[in-house]
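User: I should like to learn how a contact between two helices is read from a model. Please take me through one case.

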Amino acid sequence: MTSDFTAALGRLDTAEGTVDIYRLDHLVERGIIDDLGRLPHTVKILLENLMRRAGTRDVADGDIAALAAWPGPAGNIAFMPARVLMQDFTGVPAVVDLAAMRSATARAGGDPAQINPRIPTDLIIDHSVQVDLFRSADAYEANIEREYGRNGERYAFLRWAQQAFSGLRVVPPGAGICHQVNLEHLGTVVSVTDGVAHPDTVVGTDSHTTMINGLGILGWGVGGIEAEAAMLGQPMFLPQPLVLGVRLTGALPAGTTATDLVLTLTQMLRTHGVVGRFVEFFGGGLSSLSVADRATLSNMCPEYGATAAYFPVDHQTLAFLRFTNRADDVVERYTKAQGLFRTDGDPDPEFSETLDLDLGSIEPSLAGPSRPQDRVSLSGVWESFTQRYGDRRADQGDEQLRDGSVVIAAITSCTNTSNPSVMVAAGLLAKHAVEAGIDVQPWVKTSLAPGSRVVTDYLDRAGLTPYLDKLGFALVGYGCTTCIGNSGPLPDEVAAAVEARGLNVAAVLSGNRNFEGRIHPQVRASYLASPPLVVAYALAGRLDIDLSTEPLGHGPNGPVMLADIWPTATQVAEKIATSIDREQFQEEYARVWEGDDHWHSLPTPTGDVYEWDPASTYVQEPPYFDDLDVQIAGVDIEGARILVKVGDSITTDHISPAGSIKPDSPAGRYLQDHGVAPTDFNSYGARRGNHQVMVRGTFANIRLQNELAPGTEGSFTTHLPGGEVMSVFDGAERYRADGVPLGVLAGKEYGSGSSRDWAAKGPDLLGVKWVLAESFERIHRSNLVGMGVLPLEFKQGESAASHGLTGREVFTVRGMAGGISPGQDAAVDVVREDGSAISFGVTVRVDAAAEVEYFEAGGILRLVLRQMLAAR
């Protein structure tokens with residue numbers, strides 16, 4: 001297919017030589033658009049992506065012209081990212097799927113080596129380290145040794161993948177968190193491929209991939225299913241981009257941090273509603289925010305619900321590239337030539353809508369006790385706790401460990417450990433606390449888990465490590481740890497007291513998520529906070545304190561207030577200036593791919609096709625490609641029962657938990673039946689390469705409340721029509737034996753949180769054919785389609801409650817016979833237990849023509865494999 005946009009190809013001279021570029025101003029020259037500057041940077045990047053691929057099967061000239069007329073109706077937006085980023089929890093199942101595709105190809109007589117990533121793909125192992133040992137100089141070595149002991153089989157599989165797949169690189173354990181490695185090393189802002197310069201873009205199998213937006217790189221999280229398709233050369237078809245502009249003015253006040261800002265932003269945008277939208281920041285306030293500050297704001301994009309949260313390239317971007325030992329000349333020349341460089345005084349772009357945020361209005365904040373958008377000031381923390389859990393202190397006597405006690409204080413997560421200003425502030429606060437003679441409370445489990453080795457380099461050089469160590473914030477690992485629930489066991493005496501007395505205890509962490517049950521199964525309340533506030537709450541050891549007016553503790557010279565030990569901006573800046581340089585980034589990232597002795601001692605299987613071990617409890621060949629001829633097209637769903645009925649804000653962690661496996665759960669029983677002792681269960685996240693574990697762990701979150709099994713918490717349902725309460729897995733198996741298809745009823749924001757594909761794969765393997773919700777989060781809806789599970793949405797203002805649905809009815813979904821079309825209506829017929837019947841309309845949330853093709857093929861991976869085999 002030919003294209004008129006081949007004339008857009010131009011040349012650009014850089015310090016590294018001459019490169020080709022697809023000139024965006026060609027759109028002006030041809031009269032397609034009169035002013036390139038009116039477009040949001042996000043739209044311009046998408047335009048370049050289409051122009052560079054004009055004339056291919058997926059991009060017609062009319063698609064480019066339609067997008068250039070933004071905000072007018074878009075045509076086909078077939079976006080192809082420059083690269084894919086994965087972490088091990090989501091990356092292992094993705095690579096397992098690729099390995100299974102190779103096995104299926106070999107069985108079909110094809111060449112398995114044709115199954116290969118077609119765009120660069122990096123997998124960083126960061127999700128498996130757990131805080132077993134803490135408050136010890138030996139904690140790092142002990143924890144990484146245990147990590148290898150638990151996960152050696154998974155890691156050996158990844159070593160096979162590294163040699164088997166071209167275009168796949170693996171960062172071994174102990175190097176950092178994928179998003180921080182991406183920010184500090186992998187991201188280029190502008191890439192050169194086959195002599196053509198273009199914006200660096202990325203999709204990742206982790207929802208916080210948006211962190212890279214802070215560096216001026218457009219990227220977002222997708223499910224593993226979408227990422228696999230992208231790796232195999234399939235574009236992502238985007239809907240009309242709605243871009244909300246956030247105008248930032250002013251500067252952060254003294255005593256506040258980027259963490260306080262992002263918690264305020266999350267509250268503001270979640271209240272406003274930005275699901276499915278791109279957010280782009282503009283205004284004079286941008287110049288006061290470093291790239292590290294911006295990355296914090298972009299990191300929590302999933303928490304406020306947007307697709308991406310983009311900061312345009314400017315002088316701060318170039319400074320950060322130089323600071324982290326990366327080239328900036330091509331970036332500067334390219335972005336200025338393409339109208340992608342922001343300067344103060346630029347005319348404001350046009351946006352779908354605009355919100356304003358005055359940085360000067362930000363105050364010290366936390367968010368909790370169980371949602372990132374529930375921001376509270378320091379004075380409001382205890383009230384937010386008691387509103388949720390009540391105040392039982394009067395009944396708990398003089399016990400030091402009681403409701404509201406902080407039992408976990410964790411400096412964790414790339415959200416904040418990527419920002420030197422808050423990490424140095426935490427170290428200085430620790431120093432001042434030690435000098436004031438106060439210490440952390442003995443019941444608090446403390447930990448430090450940075451997202452990059454550079455962090456400990458500069459804390460060491462700043463002389464702050466000894467003070468953090470003194471307060472118990474010793475290095476426990478370079479990985480996600482507590483933020484994703486790998487907080488490890490509480491000390492025995494603390495765990496026993498919490499269990500025996502039914503205490504509602506708390507965690508304070510510098511992470512990005514705090515859903516109930518996520519951080520630790522014994523910890524109900526979790527608060528997100530900046531690293532220095534994490535240290536402060538470890539000193540206090542309790543939530544029933546107003547840190548703005550009450551002393552943290554008492555030293556030899558009397559009470560010590562938070563204000564007494566809080567570092568000034570000048571102190572922080574001086575430490576940063578004398579403790580961090582580009583040589584640290586050069587040294588640490590020169591060895592990021594190497595791995596340690598543990599890594600090199602692992603067995604390394606070879607060959608193009610993986611040799612599946614039937615005895616493995618970590619890696620098993622999944623069944624998705626057993627029947628490549630399956631087709632869903634033209635089939636209504638009749639006689640369905642509801643497996644799970646839930647309310648609002650059900651996260652992917654509710655659907656497919658990442659944490660610990662209970663011995664008496666279906667997954668626990670499976671592992672024990674296969675010779676695994678409960679002490680060696682590891683976690684659901686680590687077992688994602690084994691579908692037998694994961695299907696049994698679907699809807700197994702210990703805090704899940706299935707309305708079909710009232711009075712229970714966890715993986716329970718009621719099998720109908722008999723009424724027997726049993727595990728979700730056992731109920732699904734009984735329905736399967738009876739030939740009964742299954743559905744899920746849900747409220748608003750179904751599938752929020754992590755991008756985990758197992759929240760779609762698990763229901764699919766349980767026999768769930770459709771999910772009917774009031775609204776879906778973007779990634780999860782896409783994952784459902786990608787697995788051939790039908791997402792249905794109630795009409796505006798309607799819900800399960802408005803139709804009087806209890807979940808005990810029998811359902812038929814009509815309107816699919818003969819095939820479906822994007823966004824069409826379907827009818828749901830319901831027969832109640834008393835024999836009465838109702839019918840109502842719903843919207844089919846298969847949103848694009850390409851998604852129809854994926855769905856009707858039984859999933860995108862089946863479709864891609866069939867196409868590859870047909871092309872032999």
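User: Which residues in α16 meet residues in α22?

Analyst: This model is predicted. Two residues are in contact when heavy atoms lie within 4.5 Å. On the side of α16, the contact involves Arg453, Val454, Asp457, Tyr458 and Arg461; on the side of α22, the partners are Gln584, Phe585, Glu588 and Tyr589. By character, the residues of this contact comprise four nonpolar, one polar and four charged.

User: At what angle do helix α16 and helix α22 pack, and how far apart are their axes?

Analyst: Helix α16 covers residues 453-461 and helix α22 covers residues 582-590. Their packing angle is about 135°, and the axes are 9 Å apart.

User: Why are α16 and α22 described as oblique to each other?

Analyst: Angles over 145 degrees count as roughly antiparallel, and those from 65 to 115 as roughly perpendicular. The angle of about 135° belongs to neither range, and α16 and α22 are therefore oblique to each other. Their crossing is right-handed.

User: How is the radius of gyration of the whole chain to be read?

Analyst: The value is set against that expected of a compact globule. For 872 residues such a globule would have a radius of gyration near 29 Å; the chain has 26 Å, which agrees. The C-alpha trace spans about 80 × 75 × 55 Å along its principal axes, and 65% of the 872 residues count as buried.

User: How many helices and strands does the chain have, and what percentage of contacts join residues at least 24 apart?

Analyst: The chain has 31 helices and 32 strands. Among contacts between residues at least 6 apart in sequence, 76% join residues at least 24 apart.

Key:
Residues are numbered from 1 along each chain as its sequence is written. This is a predicted model: local features need pLDDT of at least 70, side-chain atom pairs count only at pLDDT 80 or more; totals for chains, interfaces and linings use all residues. Side-chain values use heavy atoms; hydrogens and water are left out. Axes are lines fitted to C-alpha atoms, for helices over the stretch in contact, and angles run from 0 to 180 degrees between N-to-C directions. Helices (H or I, at least four residues) and strands (E, at least two) are DSSP runs, numbered from the N terminus. Angles under 35 degrees count as roughly parallel, over 145 as roughly antiparallel, 65 to 115 as roughly perpendicular and the rest as oblique. A crossing is left-handed if the near helix is turned anticlockwise from the far one by less than a right angle, and right-handed if clockwise. Ala, Val, Leu, Ile, Met, Phe, Trp, Tyr, Cys and Pro count as nonpolar, Asp, Glu, Lys and Arg as charged, and the others, Gly among them, as polar. The radius of gyration is taken over C-alpha atoms; the globule rule is 2.2 Å times the number of residues to the power 0.38. Buried means under 20% relative accessible area, exposed over 50%, partly exposed in between (1.4 Å probe, protein chains only).
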